[in-house]
Amino acid sequence: MARSNDEIAALLQEYADLIAITGGEAYRARVYEKAARAIGGHHADVSTLDAKGLREIPGVGRSIAEKVTEYLRTGSIAAVDELRSRIPAGVRRLTAIPTLGPKKALALYEELGISSVEELVEAIHAERLRDLKGFGPRTEENILHGVDLLRSAGDRVLLDAATDLAEDILGHLSEVTGCRRCAYAGSLRRVRETIGDIDVLAAAERSGPLMDAFTRLPYVTEVIARGRTKTSIRTVQGLAVDLRVVPPDSWGAALQYFTGSKAHNVRTRELAVRAGLKLSEYGLFDAESGERIVSGTEEEVYERLGLPWIPPPLREDRGEIEAGLHGELPDLVRESDLRGDLHTHTDLTDGLAPLEEMVRAAAARGYAYYAITDHGPDLYMQQMTEERMLAQRERVRELDGRFGKGRRGMRLLHGVELNIGPDGDVDWPAEFLAGFDVCVASVHSHFNQSRDAQTRRLVRACENPHVHVIGHPTTRILGRRPPLDADLDEVFAACARTGTALEINAHPDRLDLRDEDILRARRHGVRFAVDSDAHAVPHLANLRYGVGTAQRGWLTKEDVINTWPETRLRRFLRKGG
DNA sequence: GCCGTTTTCGGCCCGACTGTTTTCAGTCG
């Protein structure tokens, strides 16, 4: 399960939201928010820290340390419970709707008694918001649009939450006597960007002990169904998890079947039928005699269908069957291929950890190189200046090669995350930009420009000779913000023409570019950078989700610039110059 | 509520944008 850091961070964030909704001091809310982020991003598990250790976390003082201790001791925080009792949980849910913040949520609750998204939608349709001060027709429109966005993510959860949960479940199940193998399958194994429910598969002669252990997991709130081969539960976060137990000799066929996708399985079963075979979760059978031919491993199943083993991220019926039949499956990029991270932050801007801590953690991940890319001055809130940037550069040069393995240690690149303005301009003039080893440039505002303007803006950023990587290219945030409306093919063409890489931002609520866009960009001959955009030490590990997304986009090592040796990377960063 | 070679009190990321107003509140990054 998630570290206690994540549970506490969620609780403190909830407290901050409740303070804001109940009209508490804005500063108090902000302090709790900051502490939530700091604890969520802290490298050490807070359950192992004493009071002194807790207070060493920036933003955590006496009061918050006490609340953390209280939670670790009792499982709850009285102050949070007190505020919860005053405001229905649904009111806080309202603030998840983009453009609807704490003030509006409270007004809706106090004036109209609205405490759920459903009631809100109903009230808008009944035109009950019209008489409310501060609510006009555009507000109604924006709220309805926000609700649509929220619902487009549906009941699905982000990849990291689902992965954490699934790995915890596997940890528990693998210790059950008689469990021969277990793994997660389904969309999680295919690394889809959001997960509707988790499919866990286990192999055992007897299913009882596994089903027992499964239903007794600490976060189970409901056992939806329980049978001999399949049991379904719901967790505290509302996620449904299915456990299927199969005989060990059916493992491969079952794993293939439950990994999907449905479309991929339809294609594989068609192949089977054409070969006079029948494919099911129990194995590959001779259609006539009913005799089982293979079922032990996925490799055997695919092989008898005339296919190489197909990596799960490709199993979407997007041409992987044809590619497999012709021996043209890509040799997908792997996490171990990555030699470094090209987009990361420190506490000089909005990151949580100091430079040295981030560098040390990066070195521990075995990187050959690592770029520090704090925000430029155009994001006003970051308070960046040339002086501060140059001071950081000096420090970066001092730390260069001091950590990591190899004769030269881990090489540090001093970079920046520039802001792409409405016209495609970036923060600093060319002379100053020339001093950076790497410039990532990203859009952070003006999301509603026309399609033409948005396209021009991104193309101009690509044409800037100092911009090497376009960060989170569509700026979408899953369930919160739609992708920019731009002619992506034109942007991709500009990237290919100018030698600008596109980022695959690995943050689980971004995953931007997304898989379909990667497939399109690849056809233009674009290069990619898979980056964590880490704002804290634990975020560095998010790279795995970026790699999964890159795999879903059929990328190989060759396509991803941060798998390249440093000299080749540096050549790319000269951008044809 | 946190934090400090500007401070143990008085600050606290600060500006843009939107929609509602008629001078501003709320939300966002």
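Biologist: In which order do the three strands of the open sheet lie, and is the pairing parallel or antiparallel?

Modeller: In this predicted model, three strands make up an open sheet, and their pairing is antiparallel. Strand S8 (277-280) and strand S10 (292-294) are the edge strands, each of them pairing on one side only. Neighbouring strands of this sheet are turned against each other by 35° on average, direction ignored, and the order of the strands is S8-S9-S10.

Biologist: Which residue of S9 is the bridge partner of Lys 278?

Modeller: S8 is joined to strand S9 (residues 283-286) by four bridges, and the two strands run antiparallel. Within this pairing, the partner of Lys 278 in S9 is Phe 285.

Biologist: Which helix packs on this sheet, and what angle does its direction make with that of S8?

Modeller: The helix that packs on the sheet is H14 (residues 262-274), which touches both S8 and S9. Between the direction of H14 and that of S8, the angle is about 155°.

Biologist: Turning to another part of the chain, how many of the seven residues of S7 are buried?

Modeller: Strand S7 spans residues 240-246 and is mostly covered. S7 pairs in the parallel sense with strand S4 (residues 197-203) over seven bridges, and one of the residue pairs there is Ala 203 with Val 246 of S7. S7 also pairs with strand S6 (residues 230-235), in the antiparallel sense and over five bridges. Of the seven residues in S7, the number buried is six.

Biologist: Which residue in the turn between S6 and S7 has a positive phi, and of about what value?

Modeller: S6 and S7 form a hairpin, with four residues between the two strands, and across their pairing Thr 231 stands opposite Leu 243 in S7. The turn residue with a positive phi is Gly 238, at about 85°.

Biologist: Why is there no bond between the sulfur of Cys 179 and the closest cysteine sulfur, in Cys 182?

Modeller: Cys 179 is buried, having a relative accessible area of 15%. A disulfide requires the two sulfur atoms to be within 2.5 Å, and the sulfur of Cys 179 is too far from that of Cys 182 for a bond because the distance is 4.2 Å.

Biologist: How far is the sulfur of Cys 462 from the closest cysteine sulfur, and how many disulfides does the structure hold?

Modeller: Cys 462 counts as buried, with a relative accessibility of 0%. The closest cysteine sulfur to that of Cys 462 belongs to Cys 495, and it is too far for a bond, at 3.6 Å. The number of disulfides in the structure is zero.

Key
Residues are numbered from 1 along each chain as its sequence is written. Chains are lettered from A and ligands numbered from 1 in the order in which they are written. This is a predicted model: local features need pLDDT of at least 70, side-chain atom pairs count only at pLDDT 80 or more; totals for chains, interfaces and linings use all residues. Side-chain values use heavy atoms; hydrogens and water are left out. Buried means under 20% relative accessible area, exposed over 50%, partly exposed in between (1.4 Å probe, protein chains only). Two strands pair if DSSP finds at least two bridges between them. Axes are lines fitted to C-alpha atoms, for helices over the stretch in contact, and angles run from 0 to 180 degrees between N-to-C directions. Contact means heavy atoms within 4.5 Å.
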